[in-house]
Each structure stands twice: as C-alpha cells, then as structure tokens.
Amino acid sequence: MAAAEVFIRQYAAENPGDGDPRRRLAEISAEVERFGTYEHTPAELAFGARVAWRNAARCIGRLYWNNLVVRDLRHVTHPDDIASECFEHLRIATNGGRVRPVISVFAPDRPGRPAATLLGEQLVRYADDPRSAHRVALAKDLGWKGGETPFEVLPLLVQPGPGLTPEFYEVPEDAVMEVPLTHPRHPGFADLGLRWYAVPAVSDMSLEIGGVTYPAAPFNGWYMGTEIGSRNLADTDRYNLLPAVAELFGLDTRNERTLWRDRALVELNLAVLHSYEQAGVSMADHHTESRRFLSHVEREGRHGRPVPTDWSWIVPPLSGGATAVFHRYYDPEDPDVRPAFVHRTAGAPGGCPYGAA
C-alpha cells in the first residue's frame, strides 16, 4: 500500500484531471485487503511504463519517454500466446524501418501466482554471439536444432513460472528486420558478412509500478550506432571484430601507439550508421543524441523533476570527450525510485528501451 500510495499520488499530480487520488486509494486498499494486490487502470499502466523509462538512469534516449506505445496484454498468460504477441511487438515496433518505441506488458505477479517470464536479454539475439552462449545451451537442451550458421536468430524462450520448463518458439522471419553492413568507402567491407537487427527489444527486466511487478514486459526504442559498432561487434567478449576491420583497412597493428584500434572502431561505427541509413532503419548517432539528452535534462528541470543518470552509461563508448554529455555532472542514481525497469537477476534498476547493446 505504501508503494501504491506514492505512485497514485504521483499519477494524480501529473494527471490532475483524472479524479481524486483519495478515492482511488480507497479502492486500491479494498482490493489489497481482499486479494493481496490490486489492478492498475489502463491509464495508470501506460503512465507507469512511460515514467519507468523516464527514470531509467542508464538511458540516453529519455527525451522520447512520453511517446512510448503501451500494449496492455495483462490478459495474455499462455506461453503460446505470449510468444505470438512478442512477435507482433517486433512487427509493430519495426514499422517498416521507422522504429517505434513500444512496450508489451503481460500479466503481473500475484500472491502465490508468479507470472510467466521471458528468458534472454532481448527478443532478438544471435546464436553465434558469445553473450548468448547460456541461452543457446538452454534452447538446445529443450530440443532446438539450430545455431550452426552465423547471425542465426535464437528462438524465444518463455517460462510459464518459476521452476517450470521453458517453451521455445522460432522467431518468424517477417518479425525481424535485419540490416547487412556495408561501408561507404570500402566495397570489401561487405565481404565480412556482417549484419544486425533493427529493434533492440529488452526482455530480461521486470516493470515495477506502485508495488506491482510485471515480470514479462519487453520494451524497445531504436539503436544508437555505438551500441552496435562500439560494443556488440567490437567488444573482445562479443564479436571482437576490430582486428578483422584493421586488417581490411591495412592498419598497422604492430603496437598500440598506431591507434589502430581507434581507427578501426571509427570505420566500424561509420559502416553501421551508413548501413542503417541506406536501409531506411531508424538509428541515432552519439553526437546528436548527446545534445538531445541535455535538452531532456533541461526540460525535466523546468518541470521540477530530477534526472537520475549513470554517467558511465550516458557517455558514449566512442569519442566520449567530444560529446556534449561528457562535460558535466548529473543527478545521482536512486535505486529505490519507482516506477522502474528492474533486472530480475541483479535486482538493480536500469533499462533503456531507447536502445540496449
């Protein structure tokens, strides 16, 4: 009830035309006394999901928080139906390449009845990504026969409840838009055979609103180029492609002082931005988005709201010192702030539907 009261009073303060919060709290109190929990109205759910994005300290794209499309799927509980709606989520979010921020909220946990969860960081992941090794092993234990070719999309894993065997579902081809990576000045770059998908739909976080937990609530925005070019494809524990790119461009890799890693990283990021633009798929660059984030900070300040921020996540992993977000301090993170997206494993608030590596 304490969490519900904080949320309802916040909702009422930001939506003053929606009635007396005291009356709503009386209704919630009666529900909690009878059922041990309560049900959000559709308007409360939409507001809570959007504010969870607004509160996401690791997300540089929060300027767009109020544009999040909220799909109320609390009535969907069977794994088959959850999988089907996740695939529909991808189609809606892809939007022919003009990616839309979308969240699909499935059933909440109830006393004695924990709800289904999605296993895996994102709705789309590749089997040959080292970060996917655990999920690949689990899918194969369940009977999946794939995972033998580069950039093969993993099946979606839906767990009906704690301790229950997950179900796996092949992701339909029409639900995943992929972008082949080319370089604007080096035709041979295409021979590397690289590609990435359009929609980064985070699926391993719970949505917490007013004391109610929604363990299956996949959400997305669109990618920022550095998430793919500087992290997914470049990190040594991911695809580790900087040596291959350096070789392609004839860079001197004999010692670090040639800055071959830096030069290869720029070329890889340039290829990502170029390819998404050529394919007509939404993508932000880190310089533009840094300026937009500062616009968000200023706008929230005019509303008297803090902007909790994890500096290490907001500053891009390429040319950080050349971006607008590098040269200032921000409001500290608040691990107790709600609504929030919360990692089910670590229990730490985070979440960035704008993009997630």
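This briefing walks through a small sheet, a helix, a cavity, a pocket and one loop residue. Keep in mind that the model is predicted. The sheet is an open one of 3 strands, in the order β1-β2-β10. As for empty space, the count comes to 1 cavity of 30 Å³ or more, and the second largest pocket holds about 320 Å³.

**The three-stranded sheet**

- Pairing in this open sheet is mixed, and the strands line up as β1-β2-β10. β1 and β10 sit at the edges with a single partner strand each, so one side of each has no neighbour in the sheet.
- Strand β1 (residues 69–72) runs parallel to β2, and 4 bridges join the two. Across that pairing, arginine 71 of β1 faces serine 104 of β2.
- On the β10 side, the pairing is antiparallel: 2 bridges link β2 to β10 (residues 219–220). Here isoleucine 103 is opposite phenylalanine 219, and valine 102 is opposite asparagine 220.
- What happens on the two faces of strand β2 (residues 102–105)? Both are covered, with Val102 and Ser104 buried on one side and Ile103 and Val105 buried on the other.
- Take Ser104 as an example: this residue is buried and stands opposite arginine 71.
- Helix α4 (residues 79–94) joins in too, making a right-handed β-α-β unit with β1 and β2.

**Helix α5**

- Which residues of α5 are buried? They are Arg135, Val136 and Ala139. Looking down the helix axis, these buried residues fall within an arc of 100°, so they line one face of α5.
- The face turned away from that buried side carries His134 and Asp141, which are exposed.
- Helix α5 (residues 133–141) also gives 3 residues to the lining of the second largest pocket, the largest share of that lining.

**The second largest pocket**

- About 320 Å³ of space lies in this pocket, and 12 residues line it.
- Nearest the pocket's centre are Leu119, Gly120, Glu121, His134 and Arg135. Two of those names should ring a bell from α5: Arg135 is on the list of buried residues, while His134 is exposed.
- How does the lining of this pocket divide by residue type? There are 6 charged, 4 polar and 2 nonpolar residues.

**The largest cavity**

- The largest cavity holds about 40 Å³ of space.
- Its lining is made up of Leu90, Thr94, Val124, Ala175, Val176, Met177, Tyr197, Ala198 and Val199.
- By type, the lining of the largest cavity has 8 nonpolar residues, 1 polar residue and no charged ones.
- Two of the lining residues, Leu90 and Thr94, fall in helix α4 (residues 79–94), the helix of the right-handed β-α-β unit.

**Leucine 164**

- Where does leucine 164 sit? You'll find this residue in the loop between β4 (156–159) and β5 (167–169).
- Leucine 164 counts as partly exposed, because its relative accessible area is 45%, and partly exposed means between the under 20% of buried and the over 50% of exposed.
- Alanine 116 is 48 residues away from leucine 164 in sequence, and their C-alpha atoms are 9.6 Å apart in space.

Key. Residues are numbered from 1 along each chain as its sequence is written. This is a predicted model: local features need pLDDT of at least 70, side-chain atom pairs count only at pLDDT 80 or more; totals for chains, interfaces and linings use all residues. Side-chain values use heavy atoms; hydrogens and water are left out. On a 1 Å grid over the protein atoms alone, a cavity is a set of points where a 1.4 Å probe fits but cannot get out, and a pocket is an open set with protein on both sides within 12 Å along at least five of seven lines; lining residues have an atom within 4 Å of a point. Grid points are joined across faces, edges and corners, and a volume is the space filled by probe spheres set on the points. Ala, Val, Leu, Ile, Met, Phe, Trp, Tyr, Cys and Pro count as nonpolar, Asp, Glu, Lys and Arg as charged, and the others, Gly among them, as polar. Buried means under 20% relative accessible area, exposed over 50%, partly exposed in between (1.4 Å probe, protein chains only). Two strands pair if DSSP finds at least two bridges between them. A crossover is right-handed if, with the strands pointing away from the viewer, the path from the first strand over the helix to the second runs clockwise. The arc is that of the directions from the helix axis to the C-beta atoms.
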